[in-house]
Amino acid sequence: MKSKKTFIDPLVDNNPITRQVLGICSALAVTVKIEQALVMTFALTFVLVMSNVSVSLLRKYIPSSIRIIVQLTIISTLVTLIDQFLKAYMYDISKPMSVFIALIITNCIVMGRADAYAMQNSVKDSFLDGLGNGLGYGTILLLVAFFRELLGFGTILDIKILPDFLNNGLMLLAPGAFIILGLIIWAQRSITNFVEE
């Protein structure tokens with residue numbers, strides 16, 4: 001029961017973007033196209049899962065005085081690995097996204113889950129927590145990217161859906177991302193009856 005809640009809770013009720021308002025910089029920066037949002041979802045989920053598992057495995061051996069440094073080292077190593085992987089196998093998409101992939105190191109979701117969750121929980125629960133938070137983050141990224149690409153370019157995965165005269169340039173800019181993200185946050189909080197305390 002705990003494992004199921006650990007995985008499902010961040011997907012809907014306690015989503016890191018819509019409930020905790022974390023990681024919104026990348027939600028605005030890499031959501032112009034679905035392809036970029038997919039790559040960022042994969043990258044952040046990989047880093048989140050692997051850092052949670054690594055920190056959970058080492059938690060009894062990490063002195064509390066240097067725990068943040070150890071966590072940052074683990075996260076930085078994983079981000080470097082994923083960045084190199086993208087450069088090797090997806091070079092065209094890694095070029096414009098390299099700076100955003102590097103910023104995963106400073107993403108509050110990753111550091112927060114490593115310190116607040118993985119330092120106190122088992123490897124299995126830390127894995128599920130990382131996977132749930134990564135997929136919850138990715139779901140919002142993909143929703144924002146879907147509407148931005150459709151309304152901004154008139155395409156979905158570069159397949160033409162809408163005629164050019166319906167394209168809205170605002171959706172390709174940061175204010176368009178803010179509008180869509182705000183509407184998604186409002187919808188999610190309305191559905192889950194979330195009230196700020």
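**Exercise 1. Locate Asp158 and describe its backbone and exposure.**

Asp158 sits in the loop between strand 1 and strand 2. Strands are DSSP runs of E with at least two residues, helices are runs of H or I with at least four, and both are numbered from the N terminus. The model is predicted: local features need pLDDT of at least 70, side-chain atom pairs count only at pLDDT 80 or more, and totals for chains, interfaces and linings use all residues. Residues are numbered from 1 along each chain as its sequence is written, and side-chain values use heavy atoms, with hydrogens and water left out.

Step 1. Take the backbone. Phi of Asp158 is near 65°, a positive value in a residue other than glycine.

Step 2. Take exposure. Asp158 is exposed, with a relative accessible area of 53%. The classes are buried (under 20% relative accessible area), exposed (over 50%) and partly exposed (in between), with a 1.4 Å probe and protein chains only.

Step 3. Look at Leu157. Leu157 is in the loop between strand 1 and strand 2 (159-160). Its phi is positive, about 50°, although Leu157 is not a glycine. Leu157 is partly exposed, at 47%.

**Exercise 2. Work out the surroundings of Thr155 and Thr31.**

Step 1. Place Thr155. It belongs to strand 1 (residues 155-156). Thr155 is buried, with a relative accessible area of 9%.

Step 2. Find its polar partner. The Thr155 side chain makes a polar contact with the side chain of Glu149 (3.0 Å). A polar contact is a pair of N or O atoms within 3.5 Å; within protein, one must be able to donate a hydrogen and the other to accept it, and residues adjacent in sequence count only if both atoms are side-chain atoms.

Step 3. List the contacts (heavy atoms within 4.5 Å). Leaving aside neighbours within four places in sequence, Thr155 is in contact with Lys33, Glu149, Leu150, Lys160 and Ile161.

Step 4. Turn to Thr31. It lies in the loop between helix 2 and helix 3. Thr31 is buried, at 0% relative accessibility. Its side chain joins that of Arg148 through a polar contact of 2.8 Å. Not counting residues up to four places away in sequence, Thr31 touches Ser26, Leu141, Val144, Ala145, Arg148 and Ala177.

**Exercise 3. Describe the largest nonpolar core and follow Ile104 within it.**

Step 1. Set the rule. A nonpolar core is a set of buried Ala, Val, Leu, Ile, Met, Phe, Trp, Tyr and Cys residues joined through side-chain atoms within 4.5 Å.

Step 2. Size the core. The largest has 43 residues. Those with the most contacts inside it are Met40, Val47, Ile101, Ile104, Leu141 and Leu181.

Step 3. Assign the elements. Those giving two or more residues include helix 4 (67-89), helix 5 (91-102) and helix 6 (108-118). Helix 3 supplies the largest share, nine residues.

Step 4. Follow Ile104. Not counting residues up to four places away in sequence, Ile104 touches Met40, Ala43, Leu44, Val47, Val79 and Val110.

**Exercise 4. State which helix gives the most to the lining of the largest pocket, and classify that lining.**

Step 1. Name the helix. Helix 2 (residues 24-29) gives the most, with four residues.

Step 2. Classify the lining. It has eight nonpolar, four polar and no charged residues. Ala, Val, Leu, Ile, Met, Phe, Trp, Tyr, Cys and Pro count as nonpolar, Asp, Glu, Lys and Arg as charged, and the others, Gly among them, as polar.
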